[in-house]
Structure formats: structure tokens, C-alpha cells
Amino acid sequence: MKKTISVSNSAATLDTNRRNFLKLSGVGLAIAGLALVGCNDDDMIINPGGSVFDLGTGDVGVLNYAYALEQLEADFYTKVVNSFYTGISDTEKQVFTDLYHHEVIHRDFFKAAIGGAAPNSILPTLEFQYPNVDFKSRASVLATAKALEDTGVAAYNGAGKYITNPDYLVIAGKIVSVEARHASAIRDLINPKSADFSGDDVINAMGLDVAKEPKDIVAAAGGFIKTPFTWKERGI
């Protein structure tokens, strides 16, 4: 049996009264009052008390996967805005603050969505580490942001085909479009007014964003994630 739940953004931390450099492209509207159809009860995977959480099967697994990545991005930008790197400009502060707000609302959305559809299957709050990141260095922070945003876009593109609920697929499409804006903004900060905002390393010959399988994404982001988890359905 499927459950219908309502997700509200009333508790979101995004300040809608402030100027946003990057718009949410409809994600905020979709979150506010969105009715989501839960997964089949058969798809709900309850962690059997082991030390390693499995993301689950079906749409729940994909949502938990996205939630894990959004937790990482939100955690990273929280650290950036809490202690900006040396010599940061006002424009760069604004960009990073906007990215922080976006990632927090993405994270909170997935937490609410999974908590409503499959409350016994929600990924716990993860712990992260940044062993090779110097948060006081502009080059280090921008390089890490670029890697995370490019990875996020490729992750959504690669996981979309595993989503069966059309409502979830629509939301994933809205969120990945925002992530792509983030990636372009970071790339432009690194190399202003160049073609790098849509470089050949992330856009293929067909003019499409790169898509990567979950196992490749987790391998690439694994160095940041302290809390272990598995996704047996996708070979992780």
C-alpha cells in the first residue's frame, strides 16, 4: 500500500527575504505543500541493528543516496561560511552563502521526504572529514567545491533512471538543475569569463552533462565520508 505525505518547507533555513544570487528554479515552490507518494511497503528496508546502514531498495535507496550527497554538500558549505577563507571578496561571500542555503534546503527536503514515506529507513546523519582541504585557502575551497558540485550533477544524472515514482523524478530534475548552476558559478569564480563554466570535462559531445553510476560517485566522494554505509542494490 502506498502512503501520501505532505512536505512543507516551513522549517527551512533559506531566508526568502534576502537577495539570492542563484535562484532555486522552482525547488522551493515544489517543496512547499508538495504531496509525495510513498514507496510500497515492500520497498522499505529497516536497518536490522547492524553497524553499517544500507540505503535500501527502489526509490527509498535513491532518495537516501541523494540525501547522503546533500548532507555532504551542506556540511562542506556550512564550514565555508562559518569561517571564510582569507581574502575572500564580498561577491564570493554572497555566492558561498547562497550555495549554503540551497544545499541546506535540499538536505532538509530529502530528510522530510524519506521520513514521511519510509520513516524506518531514513539514512542517519553522517559524519564527514576533509583531510586535504585547507578552509583558509581560496584555491583549496574552490577546488573542493568544484569537485563536489560536478560530482553532485553527475550523481543525479546517473541515478535518475533508477527512480520509478514520477513525482520524485520531477524533483530530482529540479534539484540537479540547481546543482548545475552551482557548478557553473564555482567554475566561473575559478576562471572568470571563460568557457570553463560548461567545460568539456563535464559536457559531452552531445551537449549533455556527464552521468555517473552510484558506485563511481561513492568511490569519488568516499574520502569525505566518515560514516560507513552500503547500497547493496547498486553494488556498494
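**Largest pocket.** I looked up the lining of the largest pocket and found 17 residues, with Asp150, Val153, Arg187, Val202 and Asp209 nearest its centre. The pocket holds about 230 Å³ of space. Helix 4 and helix 5 are the elements that give two or more residues to its lining. By class, I noted 9 nonpolar, 3 polar and 5 charged residues in the lining of the largest pocket.

**Ground rules.** The model is predicted, so local features need pLDDT of at least 70 and side-chain atom pairs count only at pLDDT 80 or more, while totals for chains, interfaces and linings use all residues. Residues are numbered from 1 along each chain as its sequence is written, and side-chain values use heavy atoms, with hydrogens and water left out.

**Terms.** A pocket is an open set of points on a 1 Å grid over the protein atoms alone, with protein on both sides within 12 Å along at least five of seven lines; a cavity is a set where a 1.4 Å probe fits but cannot get out; lining residues have an atom within 4 Å of a point. Volume is the space filled by probe spheres set on the points, which are joined across faces, edges and corners. Nonpolar means Ala, Val, Leu, Ile, Met, Phe, Trp, Tyr, Cys and Pro; charged means Asp, Glu, Lys and Arg; the others, Gly among them, are polar. Helices are DSSP runs (H or I, at least four residues), numbered from the N terminus.

**Helix 4 on helix 5.** I took this pair next. Helix 4 (residues 138–159) and helix 5 (residues 166–190) pack at about 155°, with axes 9 Å apart. Axes are lines fitted to C-alpha atoms over the stretch in contact, and angles run from 0 to 180 degrees between N-to-C directions. The two helices are therefore roughly antiparallel (an angle over 145 degrees). Contact means heavy atoms within 4.5 Å. On helix 4 the contact includes Leu142, Val153 and Tyr156; on helix 5 it includes Ile175, Ala183 and Ile186. I noted 12 nonpolar, 2 polar and 6 charged residues in this contact.

**Helix 2 on helix 4.** These two pack at about 165°, with axes 11 Å apart. That makes helix 2 roughly antiparallel to helix 4. Among the helix 2 residues in the contact are Val62, Leu69 and Phe76, and among those of helix 4 are Val141, Leu148 and Tyr156. The classes are 14 nonpolar, 1 polar and 3 charged.

**Helix 3 on helix 4.** Here the angle is about 35° and the axes are 13 Å apart. Phe96, Leu99 and Phe110 are among the helix 3 residues in the contact, and Val141, Leu142 and Tyr156 are among those from helix 4. I noted 7 nonpolar, no polar and 4 charged residues.

**Cavities.** How many cavities of 30 Å³ or more are there? I found 2. The largest holds about 130 Å³. Of its 15 lining residues, Val62, Ala66, Tyr156, Ile163 and Ala172 are closest to the centre. Helix 2 (58–82), helix 3 (90–117), helix 4 and helix 5 each supply at least two lining residues. Helix 2 gives the most, with 5. The lining has 14 nonpolar, 1 polar and no charged residues.

The second largest cavity holds about 40 Å³. I listed its lining as Leu69, Leu72, Glu73, Leu148, Thr151 and Gly152. Helix 2 and helix 4 each supply at least two of them. By class, this lining has 3 nonpolar, 2 polar and 1 charged residues.

Note on methods. Angles under 35 degrees count as roughly parallel, over 145 as roughly antiparallel, 65 to 115 as roughly perpendicular and the rest as oblique.
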